[in-house]
Amino acid sequence: MKSTRSRRKMAPAAADAGDSGEKLEQLLISSAICNGEDLGPFVRKAFASGRPETLLHHLRHFSRSKESEIEEVCKAHYQDFILAVDDLRSLLSDVDSLKSSLYDSNSRLQSVGGPLLSSLDSFVEAQNVSKNVDYALQSVTLCIKLMELCSRANHHLSNGSFYMALKCLDSIENDFQDKTPSSTLKKMLESKIPEIRSHIERKISKEFGDWLVEIRVVSRNLGQLAIGQASAARQRAEDLRTKQRQAEEQSRLSLRDCVYALEDDDEEEGLGGYENEGYSYGNNSVLGFDLTPLYRAYHIHQTLGLEDRFKQYYFENRKLQLTSDFQVSSMTPFLESHQTFFAQIAGFFIVEDRILRTGGGLISKTEVENLWETAVSKMCSVLEDQFSRMQTANHLLLIKDYVSLLGVTLRRYGYTVGALLDVLSKHRDKYHELLLSDCRKQISEALAADKFEQMLMKKEYEYSMNVLSFQIQTSDIIPAFPYVAPFSSTVPDCCRIVRSFIEDSVSFMSYGEQLDFYNVKKYLDRLLSEVLDGALLKLISSSVHGVSQAMQVAANMAVFERACDFFFRHAAQLSGIPLRMVEKGKRQFPLNKSRDAAEEMLSGMLKTKVDGFMTLIENVNWMTDEPSQGGNEYVNEVLIYLETLVSTAQQILPPQVLKRVLQDVLSHISEKIVDTLLGDLVKRFNVNAIIGLDVDIRLLE
């Protein structure tokens, strides 16, 4: 082919000679045809020059020149074809021999491989059967396990073991549902598993709803129990302080047989905490609340993947319950319902504290604190409203005591109760104003019932109750009975009122705030100086008639002076202040106005009585010849009266009081004698008359 192509390219050079132009054109056409170029320019040129025959001539010449070349190529190809045919004929003979050989080999192979193929077919068939049997066994085993799980799930459902039922469902879903060969069984599982989960969720939600209803009642009882424990602990502490005060008083009185008592440790426990497992509260009581339904519901919802939704549901429901607990019934007086109101809230937060510590994150500390802040705000609002309406001191004290016990109880669980105590402190002045008003009324009634007679005590317990309990005795020796006291019944009556005021005042301020003795003393001073002193002044000015009544009032005032010392010591003891601190300072007698008024009234009455005897001074002979040796008539009458008076007064009046009164009366007598001498009655007198007056004065001295 290469030689042929080389000859084809040299064809134009073999053409016959012509003129140089035609040869060149013929050469160009031949070159263009050989190279496969476009002949359009040559055609257009031929027609343009009007010589298309020349182009045809060149083309025919090129064709003829190629025919010889084609002939040579065909000759060469023919020879190659002949050689190929010869090769094919020799190959055909070889193929025939090979065919016969293959036929023989195939016959032998068929004779040998037939049985083998038959055995192979049997083996393949047996293998397929084995695989099918294995698959069937695996499917049956899987279905058996699946049915066993379904049976266990049904058993747990029927027994209420929802968590185990859910674990069975999870195992079915994860290990069997996608591998189940039965489409019917798979469809059944796909439809029943969500239904069972929904059924479990409904059942556990119902149990949780029942628990929510039950826990409200339990919370109220729990709050009452906890506050009762706090009250018992407070009472034990108060009893211990009483024993300590008694021991201190005995020590102060230098008694040898001082009584000391140690409290049992068990009693001191009070609200001593709670056991984690048994829900026990204190040492001998068990909290009757069960959190199992709540934790069961929480655990089931965790298993269902609904943990956050349940937390929110729980918090919202408990918040609604707390809001419901805040409702104060307008049909029931708050004084009757306040214990239930506060006990319900206390129980609520005791339960929440337990859930916070053992609930595994069911409620957070922040959420509990938010609930507590809401509760404190509402309780403060309720207290402010109720306190503003109350006009009885005892009602305020009762509610204050319960609120303070609520604070003591919940403080043990870590709740801050400062805002509640601030409300109590805010109403301290109002409480004492009401208490002072009550005491003013009681004191007025006690004074109005006074008969101005010395009190008769027939039994020792009466003496202890009316004298020793207020430390107004003048001697530590128990008198013989019946015993006539130097004071009237109004003294112990008023002392009891004042002592009750002190105890109520201390009670109100002991737990509502840090107890300050000076606050107690301030209100005690007001009671004594404003209420009691004012009532006594009113009594002296309006109800005392006669020397005996005035003398009894003056004697009562002397006893009140000793009683006031007891009042301040008692207030100090209740406030926890050592007696030596109280006894250091000198206090002004708070009833000094009424004491002075009583003594002035007694003196005034005695002066009036003496003035009646002093009129006898007109009978004195101022120009007598001999001095009177036994005193004038008027002075003898005065002496008889005063001696009689003193013999009576010494039984009830303290010496210092009697001395002040007599000094005032004697000064009055002296002034009357001087006035007589200086008056118009005495025109003149002699030495004997003056000597007689001197005798009178000496007798008075």
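## A walk through the model

Start by selecting Thr608, which sits in helix H20 (residues 592-614). Keep in mind as you go that this is a predicted model. Thr608 is exposed, with a relative accessible area of 57%. Now add Val665 to the selection: the two are 57 residues apart in sequence, yet their C-alpha atoms are 9.6 Å apart in space.

Stay on helix H20 and pick Arg595. Its salt-bridge partner is Glu561, with the closest N and O atoms 3.5 Å apart. Arg595 belongs to helix H20 and Glu561 to helix H18, so this pair ties together parts that are 34 residues apart in sequence. Which end of the pair is buried and which is partly exposed? Arg595 is the buried one, at 19% relative accessible area, while Glu561 is partly exposed at 32%. While you have charged groups on display, select Glu433, Arg526 and Glu530 too: salt bridges with shared partners join them into one network.

Zoom out for a second. The protein has 23 helices and 4 strands, and of its 701 residues 39% count as buried. Counting contacts between residues at least 6 apart in sequence, 77% join residues at least 24 apart. The accessible surface comes to about 39800 Å², with 53% of that belonging to carbon and sulfur atoms.

Next stop, the inside. The largest nonpolar core has 163 residues, and Phe342, Phe349, Ile355, Met379, Phe560, Phe567 and Leu653 touch the most other members. Color helix H18 (residues 547-575), which supplies the largest share of this core, 17 residues. Then click Leu653 and show what surrounds it: beyond its neighbours within four places in sequence, it is in contact with Met551, Ala554, Ala555, Leu602 and Leu658. Apart from the largest core lies another, of 5 residues, including Ile29, Phe42, Ala46 and Leu55.

Now the cysteines. How many disulfides does the structure hold? The count is 0. Try Cys564, which is buried at 2% relative accessible area. The closest cysteine sulfur is in Cys495, 8.0 Å away, so the two are too far apart for a bond. Cys150 is another buried one, at 14% relative accessibility.

Jump to helix H4 (residues 52-159), where you'll find Val95. Val95 is partly exposed, at 40% relative accessible area. Select it with Leu88, Leu91 and Leu92 and you have a nonpolar patch on the surface, with about 370 Å² of accessible area together. On helix H4 there is also a salt bridge between the side chains of Lys75 and Glu71 (3.8 Å, N to O). These two are 4 residues apart, so about one helical turn separates them.

For a salt bridge between helices, select Arg216 and Asp325, whose closest N and O atoms are 2.5 Å apart. Arg216 is in helix H6 (residues 183-252) and Asp325 in helix H9 (residues 307-325), so the pair ties together parts 109 residues apart in sequence. Asp325 is buried at 7%, whereas Arg216 is partly exposed at 28%. Across the model, the salt bridges come to 17.

Finish with some backbone geometry. The peptide bond from Phe481 to Pro482 is cis, with omega near 5°; Pro482 lies in the loop between helix H15 (460-466) and strand S4 (483-484). Last, go to Phe452, in the loop between helix H14 (428-448) and strand S3 (456-457). Its phi is positive, about 55°, although Phe452 is not a glycine. Phe452 is also buried, at 13% relative accessible area.

Terms used. Residues are numbered from 1 along each chain as its sequence is written. This is a predicted model: local features need pLDDT of at least 70, side-chain atom pairs count only at pLDDT 80 or more; totals for chains, interfaces and linings use all residues. Side-chain values use heavy atoms; hydrogens and water are left out. A nonpolar core is a set of buried Ala, Val, Leu, Ile, Met, Phe, Trp, Tyr and Cys residues joined through side-chain atoms within 4.5 Å. Buried means under 20% relative accessible area, exposed over 50%, partly exposed in between (1.4 Å probe, protein chains only). Contact means heavy atoms within 4.5 Å. A disulfide is a pair of cysteine sulfur atoms within 2.5 Å. Patches are made of residues with over 30% relative accessible area and no salt bridge: like charges are joined within 9 Å, nonpolar side chains (Val, Leu, Ile, Met, Phe, Trp, Tyr) within 5 Å. Accessible areas come from the Shrake-Rupley method with a 1.4 Å probe; for residues, only the protein chains shown count as cover. A salt bridge is a side-chain nitrogen of Lys or Arg within 4 Å of a carboxyl oxygen of Asp or Glu.
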